[in-house]
Amino acid sequence: MRKDWETLQLCDRFFDAIEQKDYDTVAACYAPETVIWHSHDCLYQPGDANLAMLKDGMKRHKKMHYANRRVHVFEGGFVQQHTLYVTHANDFVGQMDVCFVAYVRDGMLSRIYEYFDTGQREKFLGPAAA
Amino acid sequence: MTDWELRELCNRFFDALEARDVDAIASLYADDMEFWINVTGEAKPRDKSLAATRDGYARHRRRNYDDRRINTFPGGFVIQYTLNIMRHSGERSAFWACVVARCRNGKILRMDEYIDSGKFAPPPLAATPEKKTAAKTGAR
(Lines give C-alpha, C1' and ligand atoms only; values in the text may rest on other atoms or scores of the structure.)
Protein backbone atom coordinates (compact mmCIF):
# COMPACT_ATOMS: atom_id res chain seq x y z
CA MET A 1 0.00 0.00 0.00
CA ARG A 2 1.37 3.39 -0.92
CA LYS A 3 1.10 6.25 1.49
CA ASP A 4 -1.25 9.11 0.82
CA TRP A 5 1.56 11.62 0.56
CA GLU A 6 3.21 9.60 -2.22
CA THR A 7 -0.02 9.73 -4.20
CA LEU A 8 -0.36 13.46 -3.50
CA GLN A 9 3.22 13.99 -4.65
CA LEU A 10 2.51 12.14 -7.90
CA CYS A 11 -0.59 14.25 -8.48
CA ASP A 12 1.24 17.53 -7.88
CA ARG A 13 4.28 16.43 -9.90
CA PHE A 14 2.07 15.60 -12.88
CA PHE A 15 0.07 18.84 -12.98
CA ASP A 16 3.05 21.03 -12.07
CA ALA A 17 5.01 19.45 -14.94
CA ILE A 18 2.25 20.23 -17.45
CA GLU A 19 2.17 23.83 -16.25
CA GLN A 20 5.97 24.04 -16.57
CA LYS A 21 5.89 22.35 -20.01
CA ASP A 22 8.20 19.67 -18.64
CA TYR A 23 7.30 16.89 -21.03
CA ASP A 24 9.79 14.32 -19.71
CA THR A 25 8.40 14.53 -16.19
CA VAL A 26 4.85 14.26 -17.49
CA ALA A 27 5.76 11.15 -19.50
CA ALA A 28 7.51 9.62 -16.47
CA CYS A 29 4.24 9.84 -14.51
CA TYR A 30 2.54 7.45 -16.93
CA ALA A 31 2.74 3.69 -16.47
CA PRO A 32 3.39 1.62 -19.61
CA GLU A 33 -0.26 0.57 -19.69
CA THR A 34 -1.74 4.03 -19.07
CA VAL A 35 -5.05 4.75 -20.74
CA ILE A 36 -6.98 7.99 -20.57
CA TRP A 37 -10.78 8.09 -20.82
CA HIS A 38 -12.65 11.29 -21.63
CA SER A 39 -16.29 11.94 -20.87
CA HIS A 40 -16.97 13.57 -24.26
CA ASP A 41 -16.30 10.46 -26.36
CA CYS A 42 -16.20 7.73 -23.69
CA LEU A 43 -13.17 6.19 -25.36
CA TYR A 44 -9.92 5.02 -23.81
CA GLN A 45 -7.01 6.87 -25.40
CA PRO A 46 -3.62 5.10 -25.30
CA GLY A 47 -0.97 6.80 -23.18
CA ASP A 48 1.36 7.56 -26.11
CA ALA A 49 -1.40 9.27 -28.07
CA ASN A 50 -2.31 11.32 -25.01
CA LEU A 51 1.33 12.29 -24.44
CA ALA A 52 1.61 13.40 -28.07
CA MET A 53 -1.48 15.55 -27.55
CA LEU A 54 -0.01 17.07 -24.39
CA LYS A 55 3.31 17.76 -26.15
CA ASP A 56 1.46 19.49 -28.97
CA GLY A 57 -0.50 21.53 -26.42
CA MET A 58 2.73 22.60 -24.72
CA LYS A 59 3.93 23.97 -28.08
CA ARG A 60 0.67 25.66 -29.10
CA HIS A 61 -0.47 27.17 -25.82
CA LYS A 62 1.27 30.11 -24.24
CA LYS A 63 0.34 28.99 -20.77
CA MET A 64 -1.56 26.26 -18.95
CA HIS A 65 -2.58 26.70 -15.34
CA TYR A 66 -4.47 24.33 -13.05
CA ALA A 67 -6.19 26.57 -10.53
CA ASN A 68 -8.21 25.77 -7.42
CA ARG A 69 -6.86 22.22 -7.15
CA ARG A 70 -8.79 20.11 -4.68
CA VAL A 71 -7.27 16.66 -4.25
CA HIS A 72 -8.61 13.68 -2.35
CA VAL A 73 -6.68 10.44 -2.09
CA PHE A 74 -8.52 7.12 -2.02
CA GLU A 75 -7.24 3.55 -1.86
CA GLY A 76 -5.43 3.05 -5.18
CA GLY A 77 -5.73 6.53 -6.57
CA PHE A 78 -6.94 10.09 -6.27
CA VAL A 79 -9.49 12.57 -7.54
CA GLN A 80 -8.56 16.14 -8.35
CA GLN A 81 -11.02 18.89 -9.18
CA HIS A 82 -9.58 21.97 -10.84
CA THR A 83 -10.20 24.82 -13.21
CA LEU A 84 -7.92 24.64 -16.23
CA TYR A 85 -6.89 28.00 -17.67
CA VAL A 86 -5.26 27.95 -21.10
CA THR A 87 -3.73 31.02 -22.73
CA HIS A 88 -4.08 30.40 -26.45
CA ALA A 89 -1.74 31.72 -29.17
CA ASN A 90 -4.19 34.56 -29.86
CA ASP A 91 -4.06 35.50 -26.14
CA PHE A 92 -7.59 34.28 -25.48
CA VAL A 93 -7.68 32.75 -22.00
CA GLY A 94 -9.98 29.75 -21.97
CA GLN A 95 -11.17 27.99 -18.87
CA MET A 96 -12.80 24.70 -18.05
CA ASP A 97 -13.84 22.94 -14.84
CA VAL A 98 -12.44 19.42 -14.80
CA CYS A 99 -12.72 16.40 -12.56
CA PHE A 100 -9.70 14.11 -12.93
CA VAL A 101 -9.94 10.63 -11.43
CA ALA A 102 -6.71 8.62 -11.50
CA TYR A 103 -5.93 5.05 -10.57
CA VAL A 104 -2.31 4.59 -9.54
CA ARG A 105 0.04 1.62 -9.78
CA ASP A 106 3.60 1.56 -8.44
CA GLY A 107 3.75 5.32 -8.18
CA MET A 108 2.54 5.93 -11.74
CA LEU A 109 -0.76 6.89 -13.33
CA SER A 110 -2.34 3.72 -14.67
CA ARG A 111 -5.89 4.73 -15.65
CA ILE A 112 -7.23 8.25 -15.92
CA TYR A 113 -10.81 9.45 -16.25
CA GLU A 114 -11.41 13.08 -17.19
CA TYR A 115 -14.85 14.68 -16.89
CA PHE A 116 -15.62 18.08 -18.42
CA ASP A 117 -18.36 19.88 -20.29
CA THR A 118 -18.04 20.16 -24.07
CA GLY A 119 -21.17 22.32 -23.97
CA GLN A 120 -18.81 25.12 -22.92
CA ARG A 121 -16.39 24.80 -25.86
CA GLU A 122 -16.57 28.51 -26.59
CA LYS A 123 -15.57 29.37 -23.04
CA PHE A 124 -12.52 27.12 -23.41
CA LEU A 125 -11.49 27.54 -27.04
CA GLY A 126 -12.77 31.04 -27.74
CA PRO A 127 -15.58 32.46 -29.91
CA ALA A 128 -14.13 30.89 -33.08
CA ALA A 129 -14.99 27.45 -31.67
CA ALA A 130 -18.73 28.16 -31.57
CA MET B 1 -17.47 8.36 8.81
CA THR B 2 -16.06 4.97 7.87
CA ASP B 3 -15.51 3.69 4.36
CA TRP B 4 -18.57 1.47 4.73
CA GLU B 5 -20.76 4.33 5.99
CA LEU B 6 -19.70 6.57 3.12
CA ARG B 7 -20.42 3.87 0.55
CA GLU B 8 -23.82 3.18 2.09
CA LEU B 9 -24.67 6.89 2.09
CA CYS B 10 -23.62 7.15 -1.55
CA ASN B 11 -25.76 4.19 -2.62
CA ARG B 12 -28.74 5.33 -0.55
CA PHE B 13 -28.56 8.70 -2.30
CA PHE B 14 -28.42 7.30 -5.83
CA ASP B 15 -31.05 4.65 -5.04
CA ALA B 16 -33.34 7.44 -3.81
CA LEU B 17 -32.67 9.45 -6.97
CA GLU B 18 -33.69 6.44 -9.08
CA ALA B 19 -36.78 5.82 -6.95
CA ARG B 20 -37.80 9.51 -7.21
CA ASP B 21 -37.99 9.58 -3.44
CA VAL B 22 -37.31 13.27 -2.78
CA ASP B 23 -38.09 12.91 0.94
CA ALA B 24 -35.38 10.26 1.24
CA ILE B 25 -32.95 12.48 -0.68
CA ALA B 26 -33.77 15.39 1.64
CA SER B 27 -33.09 13.21 4.68
CA LEU B 28 -29.55 12.60 3.40
CA TYR B 29 -28.74 16.29 2.92
CA ALA B 30 -27.25 18.39 5.73
CA ASP B 31 -29.15 21.61 6.42
CA ASP B 32 -26.39 23.73 4.90
CA MET B 33 -25.85 21.39 1.96
CA GLU B 34 -24.83 22.79 -1.45
CA PHE B 35 -25.04 21.18 -4.88
CA TRP B 36 -22.64 22.50 -7.53
CA ILE B 37 -22.74 21.52 -11.18
CA ASN B 38 -20.08 22.24 -13.80
CA VAL B 39 -22.62 23.17 -16.49
CA THR B 40 -23.62 26.39 -14.71
CA GLY B 41 -20.72 26.76 -12.29
CA GLU B 42 -23.24 27.64 -9.59
CA ALA B 43 -23.81 26.03 -6.22
CA LYS B 44 -27.48 25.61 -5.33
CA PRO B 45 -28.49 25.59 -1.66
CA ARG B 46 -30.33 22.57 -0.26
CA ASP B 47 -33.92 23.68 -0.91
CA LYS B 48 -33.26 24.86 -4.47
CA SER B 49 -31.39 21.66 -5.22
CA LEU B 50 -34.30 19.55 -3.96
CA ALA B 51 -36.75 21.63 -6.01
CA ALA B 52 -34.60 21.16 -9.11
CA THR B 53 -34.49 17.41 -8.51
CA ARG B 54 -38.28 17.30 -8.14
CA ASP B 55 -38.82 19.37 -11.30
CA GLY B 56 -36.33 17.29 -13.26
CA TYR B 57 -38.36 14.10 -12.81
CA ALA B 58 -41.12 15.50 -15.05
CA ARG B 59 -38.76 15.52 -18.01
CA HIS B 60 -38.01 11.80 -18.08
CA ARG B 61 -39.90 8.55 -17.68
CA ARG B 62 -37.03 6.81 -15.95
CA ARG B 63 -33.44 7.41 -14.87
CA ASN B 64 -30.99 4.74 -13.80
CA TYR B 65 -27.63 5.34 -12.21
CA ASP B 66 -25.63 2.35 -13.39
CA ASP B 67 -22.01 1.18 -13.45
CA ARG B 68 -21.38 2.83 -10.09
CA ARG B 69 -17.72 2.97 -9.20
CA ILE B 70 -17.35 4.38 -5.72
CA ASN B 71 -14.14 5.35 -3.98
CA THR B 72 -14.05 6.88 -0.54
CA PHE B 73 -11.63 9.28 1.08
CA PRO B 74 -11.62 10.83 4.54
CA GLY B 75 -14.81 12.87 4.71
CA GLY B 76 -16.32 11.97 1.38
CA PHE B 77 -16.60 9.91 -1.76
CA VAL B 78 -16.23 10.10 -5.51
CA ILE B 79 -18.61 8.15 -7.73
CA GLN B 80 -18.28 7.56 -11.46
CA TYR B 81 -21.46 6.31 -13.11
CA THR B 82 -23.54 5.96 -16.22
CA LEU B 83 -26.84 7.80 -16.18
CA ASN B 84 -29.28 5.96 -18.42
CA ILE B 85 -32.34 8.02 -19.28
CA MET B 86 -35.60 6.99 -20.88
CA ARG B 87 -37.62 9.92 -22.19
CA HIS B 88 -41.39 10.02 -22.32
CA SER B 89 -41.09 9.36 -26.06
CA GLY B 90 -39.30 6.09 -25.31
CA GLU B 91 -35.96 7.39 -26.60
CA ARG B 92 -33.00 6.36 -24.53
CA SER B 93 -29.75 8.19 -23.93
CA ALA B 94 -26.74 7.74 -21.70
CA PHE B 95 -24.46 10.18 -19.93
CA TRP B 96 -21.22 9.47 -18.16
CA ALA B 97 -20.86 11.54 -15.05
CA CYS B 98 -18.87 11.96 -11.88
CA VAL B 99 -19.79 13.33 -8.46
CA VAL B 100 -17.43 14.31 -5.68
CA ALA B 101 -19.20 14.55 -2.33
CA ARG B 102 -18.16 15.74 1.08
CA CYS B 103 -20.01 14.27 4.03
CA ARG B 104 -20.31 14.71 7.79
CA ASN B 105 -22.24 12.90 10.50
CA GLY B 106 -24.02 10.65 8.03
CA LYS B 107 -25.18 13.51 5.80
CA ILE B 108 -24.08 15.00 2.50
CA LEU B 109 -22.59 18.48 2.90
CA ARG B 110 -21.56 19.27 -0.65
CA MET B 111 -21.87 17.63 -4.04
CA ASP B 112 -19.92 18.64 -7.14
CA GLU B 113 -21.34 17.08 -10.29
CA TYR B 114 -19.51 16.92 -13.62
CA ILE B 115 -21.57 16.12 -16.70
CA ASP B 116 -21.20 16.82 -20.41
CA SER B 117 -24.03 19.10 -21.51
CA GLY B 118 -22.74 18.74 -25.08
CA LYS B 119 -24.61 15.43 -25.11
CA PHE B 120 -27.98 16.93 -24.18
CA ALA B 121 -30.55 16.37 -26.89
CA PRO B 122 -32.74 19.41 -27.55
CA PRO B 123 -36.34 19.27 -26.28
CA PRO B 124 -38.37 17.65 -29.10
CA LEU B 125 -40.88 20.52 -29.39
CA ALA B 126 -38.15 23.15 -29.69
CA ALA B 127 -35.96 21.19 -32.05
CA THR B 128 -35.13 22.54 -35.49
CA PRO B 129 -35.58 20.10 -38.43
CA GLU B 130 -31.85 19.36 -38.39
CA LYS B 131 -31.82 18.82 -34.66
CA LYS B 132 -34.87 16.58 -34.83
CA THR B 133 -32.95 14.32 -37.18
CA ALA B 134 -29.99 14.27 -34.79
CA ALA B 135 -32.25 13.52 -31.83
CA LYS B 136 -33.85 10.58 -33.62
CA THR B 137 -30.50 8.87 -33.94
CA GLY B 138 -30.20 8.84 -30.17
CA ALA B 139 -26.47 9.19 -30.70
CA ARG B 140 -25.98 12.29 -28.61
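Two strands count as paired here when DSSP finds at least two bridges between them. With that in hand, welcome to a predicted model in which chain B carries an open sheet of six strands and chain A meets chain B over a buried area of about 1,800 Å². Below is a tour of the sheet, the helices that pack on it, and the contact between the chains.

**The sheet of chain B**

- The six strands follow the order β2-β1-β6-β5-β4-β3, and their pairing is mixed.
- At the edges sit β2 and β3 (60–73) of chain B, each of which pairs on one side only.
- On average, neighbouring strands of this sheet are turned by 25 degrees against each other, direction ignored.
- As background, strands of a sheet pair through backbone hydrogen bonds, either parallel or antiparallel.

**Strand by strand**

- Strand β1 (residues 29–37) of chain B runs parallel to strand β6 (residues 107–114) of chain B, and five bridges link the two.
- To find this pairing on your screen, start at B:Tyr29, whose bridge partner in β6(B) is B:Ile108.
- β1(B) also pairs with strand β2 (residues 42–45) of chain B, this time in the antiparallel sense and over four bridges.
- Here B:Glu34 is the residue to look for, as it stands opposite B:Pro45 in β2(B).
- The hairpin of β1(B) and β2(B) has four residues between the strands, and B:Gly41 takes a positive phi near 75 degrees in it.
- β6(B) has another antiparallel pairing, with strand β5 (residues 92–104) of chain B, and seven bridges join them.
- Within that pairing, B:Val99 has B:Glu113 of β6(B) as its bridge partner.

**Helices on the sheet**

- Helix α1 (residues 3–19) of chain B packs on the sheet and touches β1, β3, β4 (76–87), β5 and β6 of chain B.
- The direction of helix α1 of chain B makes about 170 degrees with that of β3(B).
- Helix α3 (residues 46–56) of chain B packs on the sheet too, touching β1, β2 and β3 of chain B.
- For helix α3 of chain B, the angle between its direction and that of β2(B) is about 95 degrees.
- Within helix α1 of chain B, the side chains of B:Asp3 and B:Arg7 meet in a salt bridge (3.1 Å, N to O).
- B:Asp3 and B:Arg7 are four residues apart, about one turn of the helix.

**Where chain A meets chain B**

- The contact draws 25 residues from chain A and 21 residues from chain B.
- On the chain A side, A:His72, A:Tyr115 and A:Asp117 lose the most area to chain B, together 26% of what that side buries.
- Carbon and sulfur atoms give 52% of the area buried between the two chains.
- There is one salt bridge between chain A and chain B, formed by the side chains of B:Asp112 and A:Arg70 (4.0 Å, N to O).
- Ten residue pairs are in polar contact across this interface, with both residues at pLDDT 80 or more.
- The elements of chain A that give two or more residues to this side are β3 (63–74), β4 (77–87), β5 (93–105) and β6 (108–115).
- β5(A) supplies the largest share of the side of chain A that touches chain B, with five residues.
- By class, that side of chain A has twelve nonpolar, seven polar and six charged residues.

**Salt bridges overall**

- Over all chains, the structure holds 14 salt bridges.

Note on methods:
Residues numbered from 1 in each chain as written. Chains lettered and ligands numbered in written order. Predicted model: local features only at pLDDT ≥ 70, side-chain atom pairs only at ≥ 80, totals over all residues. Heavy atoms only, no water. Contact = heavy atoms within 4.5 Å. Buried area = accessible area lost by both parts, 1.4 Å probe. Polar contact = N/O pair within 3.5 Å; in protein donor to acceptor, adjacent residues only side chain to side chain. Nonpolar A, V, L, I, M, F, W, Y, C, P; charged D, E, K, R; others polar. Axes fitted to C-alpha atoms, helices over the stretch in contact; angles between N-to-C directions.
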